[in-house]
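Please walk through this structure beginning with a single side chain, then the nonpolar interior and one helix, and finally the chain as a whole.

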Amino acid sequence: MYPPPSRSSCRLFIFLLLLSLFPLSLLARPFVLVLSQDDLKDVQNDDASPLESDSSWDDDVFGGTHVKPDDELDPGSWRRLFEPSTSPVSSSQDSYLDSYYTAVDKMISSSTIGDARLMEEASAEIETAANTEGDPHARSVLGFLYGMGMMRERNKAKAFLNHYFAAEGGNAQSKMALAYTYSRQDMHEKAVKLYAELAEIAVNSFLISKDSPVIEPIRIHNGAEENKEALKKSRGEDDEDFQILEYQAQKGNAGAMYKMGLFYYFGLRGLRRDHGKALMWFLKAVDKGEPRSLELLGEIYARGAGVERNYTKALEWLSLASEHGLYSAYNGMGYLYVKGYGVEKNYTKAKEYFEKAADNDDAGGHYNLGVMYLKGIGVKKDVKIACKCFIVAANAGQPKAFYQLAKMFHTGVGLKKNLPMATALYKLVAERGPWSSLSRWALESYLKGDMGKAFLLYSRMAELGYEIAQSNAAWILDKYGERSMCMGESGLCSDAERHQRAHSLWWQASEQGNEHAALLIGDAYYYGRGTVRDYERAAEAYIHAKTQSNAQAMFNLGYMHEHGQGLPFDLHLAKRYYDQALELDPAAKLPVTLALASLWVRKNYADSFLVRAIDSLPEVYPRVEAWVENVIMEEGNATILTLFVCLLTVLYLRERQRRQAVAAAVANEPNELVVPAVAR
């Protein structure tokens, strides 16, 4: 099976925004937003009443330095179990949450060792905490257990009810799960409210001047194979390249020092964030004359990240950075002036600094200018200009600009009201919230070989609507089988339960645009893997993958048309799909050539022996493959066969050498018998 092409294209109407929320990810899926003239709303500059009436627009739209801890933003998070040093809990909270975390810890441990009895004990304790004590966080986990069918019969209705009451109790992860459920059912009015709330939590935790490189949850597979290149770059301090970099930094290399600070500050390449280490490396880099560290030192002092907050020092570092040509530092300086942090408020100077940053292609500068025009801060309110600024910032991957555009689509200010678009944009921002830490913990578990824990964490994340987590969890089930420690209704999953769960996860991923998942769903229905064979549903899945310009899907549709399986028998359509597959992927030349030859035979020799021989190949091939695997590839047989082939090769070469020697001897013998010509 040849690899499908990776291609995304879209028709341009007025202008095309390529908005990628994950610009630095290893396997990013760009979010493409196409705006037509109909999306652009004629707005008077003072026509912003919906914004004024919506209290959420009165929040700190610039983003703040006073950010709450992740535990407050994501109550009930499992961070306490995976990062205990970063999750201080008061004694009052200990008594209230202790039983909840004890039960969750048992659940995680049982997934590691595959202990069904321990999982049953944990699920019983979680149910008690949810139903007897009314703990919203326990309700959230109980909803997860019902949704997955773990130690209880799978029941979507009970999963929904538990998530609903957990969300009412303040559990953010249940809000994510509910919002995803609503969006799948096209209930955008309900989904958009929840995603807007969650996106606001996420956006208020972003950095103020220089936004973090956005790290997408790593896709651990690349089609049917493990994504080794991406995984290699996610091993944290165990990565050989990181260890070399650390050695260079310790030897005084200024560039290496800056990169070390960057990795620790943003938590890159699988490292845990450590602001203390980041500050140390940035200061060392500055001492060595590395100017790029100046701006991030200003950021650190403005946020109080690993050091006491000091706006005066922040302005000093940012000013030094701007003097060294780091124009994005002007954005941080403008922020301090617009907020009046460490300096007297000065909107004129703030606008001047934002414009300097924007003129040098800084996305944050464009964003903050947009906020000033949107709110009429130091300038005349102009929603059109604000919209243009947000579009430029979003085109550069500025996540806060996504949030503002989502607001515009939500409220109908600047852009025509469009709830499905608002829902999609809010979701992209919300997925960057603190609950995304699940992805890091799952990846760490996977890299350590703990497939059970990785599967559990990816499954929890999949329930929240993360497409990559859905495909990762499904891939672990398919790849590792029993090693996934999948828990079913009454113990470890049976083969049927694993197939059914993988099928469900792949289906959800395919709904969100994962073409590989759509292909696997089609294959499952076509071959009857984990489900009843259904050619029509297989065709539906392949058509879904085809809409994403997938060559393999087009080839499969051509084959189904050629054989009349799930689709009408139509040789002309079959040829069209085969040709399209070849146009999209040159690697398809061999299978397409064979398929076209089959079409020619079928058209010119219908009902002949040749057609019957071609139709019998799908039945013959598995038997030949099984014979090769079970007989030829069996270790002892393979060794004997190899020796036998070597012996035949030696004998053949010896025989050929003997014949060449005889031929040469005959050619060199003198021609003693000469028959004279007969004269006539």
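In this predicted model, Gln173 counts as buried because its relative accessibility is 5%, and the cut-off for that class is under 20%. The residue belongs to helix H8, which covers residues 172-184. Once neighbours within four places in sequence are set aside, the contacts of Gln173 are with Asp74, Ser77, Trp435, Leu438, Arg460 and Leu464. With one of these partners there is also a polar contact, in which the side chain of Gln173 meets the side chain of Arg460 at 3.1 Å. The surroundings of Gln173 also bring in Met461, a residue 288 places away along the chain, with a separation of 8.9 Å between the two C-alpha atoms.

From this polar side chain we can turn to the nonpolar interior. The largest nonpolar core comprises 182 residues, and those with the most contacts inside it are Trp78, Met107, Tyr195, Tyr426, Tyr446, Tyr458 and Ile476. Ile476 can serve as an example: leaving aside neighbours within four places in sequence, it is in contact with Ile220, Tyr446, Met451, Ala454, Phe455, Tyr458, Gly481 and Ser484. Two of the residues named for the core, Tyr446 and Tyr458, thus appear again among the contacts of Ile476.

A further stop is helix H28, which runs over residues 551-563 and whose 13 residues reach 19 Å from the first C-alpha to the last, close to the 18 Å expected at 1.5 Å a residue. At its start, a side-chain oxygen of Asn550 comes to within 3.0 Å of the backbone nitrogen of Gln552, while after its end comes Gly564, with a positive phi near 65 degrees. How much of H28 is covered? Of its 13 residues, 11 are buried, and the helix is therefore described as mostly covered, buried meaning under 20% relative accessible area. Among the buried residues are nonpolar ones such as Met554, Phe555 and Leu557, but also Gln552, Asn556, His561 and Glu562. The cover over these buried residues includes helix H26 (515-527), helix H27 (535-546), helix H29 (571-584) and helix H30 (589-604).

Stepping back to the whole, the protein chain contains 32 helices and 4 strands, and 49% of its 680 residues count as buried. Of the contacts between residues at least 6 apart in sequence, 58% join residues at least 24 apart. The chain exposes about 33400 Å², of which carbon and sulfur atoms supply 53%.

Definitions and conventions. Residues are numbered from 1 along each chain as its sequence is written. This is a predicted model: local features need pLDDT of at least 70, side-chain atom pairs count only at pLDDT 80 or more; totals for chains, interfaces and linings use all residues. Side-chain values use heavy atoms; hydrogens and water are left out. Helices (H or I, at least four residues) and strands (E, at least two) are DSSP runs, numbered from the N terminus. Buried means under 20% relative accessible area, exposed over 50%, partly exposed in between (1.4 Å probe, protein chains only). Contact means heavy atoms within 4.5 Å. Accessible areas come from the Shrake-Rupley method with a 1.4 Å probe; for residues, only the protein chains shown count as cover. A polar contact is a pair of N or O atoms within 3.5 Å; within protein, one must be able to donate a hydrogen and the other to accept it, and residues adjacent in sequence count only if both atoms are side-chain atoms. A nonpolar core is a set of buried Ala, Val, Leu, Ile, Met, Phe, Trp, Tyr and Cys residues joined through side-chain atoms within 4.5 Å. The expected span of a helix is 1.5 Å times one less than its number of residues.
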